[in-house]
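Please look over the sequence and the model shown here before reading the briefing that follows. The points are grouped by topic, so that each can be checked against the coordinates in turn.

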Amino acid sequence: EYAAEEYSWYCGWPELRPFWEEFVPSRASRVLVVGCGNDICPVRMFDEGWTDLTAFDYSAAGIARMESLFGERRLRDGSLTLLQADA
């Protein structure tokens, strides 16, 4: 359904956004993304103002993909933390 650069396990940001805004309305909220892998949704969240993000994945390749999706500018801005870790 989604191109590789827009891939998400469950749905895209357009489908998730209304629910996210209802349950996490404050853009100052701290957000933890568990098992981020190659999901574009954290990038979309960041772009819409939820910039206090911590995302982790057990896979080094998953974190490398996240770094690529976020890009250098976003990695410097906000309170973004990407970690290789396991729950």
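**Briefing on the predicted model**

W20 and W50 are both buried. The model is a predicted one, and its protein chain contains three helices and three strands, which follow one another from the N terminus in the order α-β-α-β-α-β. Of the 87 residues in the protein chain, 33% are buried.

**Aromatic pairs and the tryptophan cluster**

- The structure holds three aromatic pairs; in one of them the ring centres of W20 and W50 are 6.3 Å apart and the ring planes stand at 80°, so this pair is classed as edge-to-face.
- Because W20 belongs to helix α1 while W50 sits in the loop between α2 and β2, their pairing ties together parts of the chain that are 30 residues apart in sequence.
- W13 also takes part, since ring pairs link W13, W20 and W50 into a cluster.
- The rings of F46 and F70 have their centres 5.8 Å apart and their planes at 85°, so this pair, too, is edge-to-face.
- The F46 and F70 pair links distant parts of the chain, with F46 in helix α2 and F70 in helix α3, 24 residues apart, and both of these phenylalanines are buried.

**Surroundings of W50**

- Leaving aside residues up to four places away in sequence, W50 touches W13, W20, E21, V24, P25, S26, R27, V31 and M45.
- One of these neighbours, R27, lies over the face of W50, at 4.1 Å from the ring centre.

**The nonpolar core**

- In soluble globular proteins, nonpolar side chains tend to be buried together.
- Here the largest nonpolar core has 20 residues, and those with the most contacts inside it are W20, V31, M45, W50, L53, F70 and L82.
- Two or more residues of this core come from each of the elements α1 (13-23), β1, α2, β2 and α3.

**Strand pairing and crossovers**

- Strand β1 (residues 31-34) pairs with β2 in the parallel sense over four bridges, and within this pairing V33 stands opposite A55 in β2.
- Between these two strands the chain crosses from β1 through helix α2 (residues 41-47) to β2, in a β-α-β crossover that is right-handed.
- Strand β2 also pairs with strand β3 (residues 81-84), again in the parallel sense and over four bridges, and the bridge partner of D57 in β3 is Q84.
- From β2 the chain crosses through helix α3 (residues 60-76) to β3, and this β-α-β crossover is likewise right-handed.
- Strand β2 (residues 53-57) is mostly covered, with four of its five residues buried.

**A60 and long-range contacts**

- Is A60 in helix α3 buried, partly exposed or exposed? At 45% relative accessibility, A60 counts as partly exposed, because the partly exposed class lies between the limits of 20% and 50%.
- A60 and G37 are separated by 23 residues in sequence, yet their C-alpha atoms are 9.1 Å apart in space.
- Among the contacts in the protein chain with a separation of 6 or more, 62% are between residues 24 or more positions apart.

Notes. Residues are numbered from 1 along each chain as its sequence is written. This is a predicted model: local features need pLDDT of at least 70, side-chain atom pairs count only at pLDDT 80 or more; totals for chains, interfaces and linings use all residues. Side-chain values use heavy atoms; hydrogens and water are left out. Buried means under 20% relative accessible area, exposed over 50%, partly exposed in between (1.4 Å probe, protein chains only). Two strands pair if DSSP finds at least two bridges between them. A crossover is right-handed if, with the strands pointing away from the viewer, the path from the first strand over the helix to the second runs clockwise. A nonpolar core is a set of buried Ala, Val, Leu, Ile, Met, Phe, Trp, Tyr and Cys residues joined through side-chain atoms within 4.5 Å. Contact means heavy atoms within 4.5 Å. Rings of Phe, Tyr and Trp (its six-membered ring) pair if their centres lie within 6.5 Å; planes under 30 degrees apart count as stacked, over 60 as edge-to-face and the rest as tilted. A charge sits over a ring if NZ of Lys or CZ of Arg is within 6 Å of the ring centre and within 35 degrees of the ring normal.
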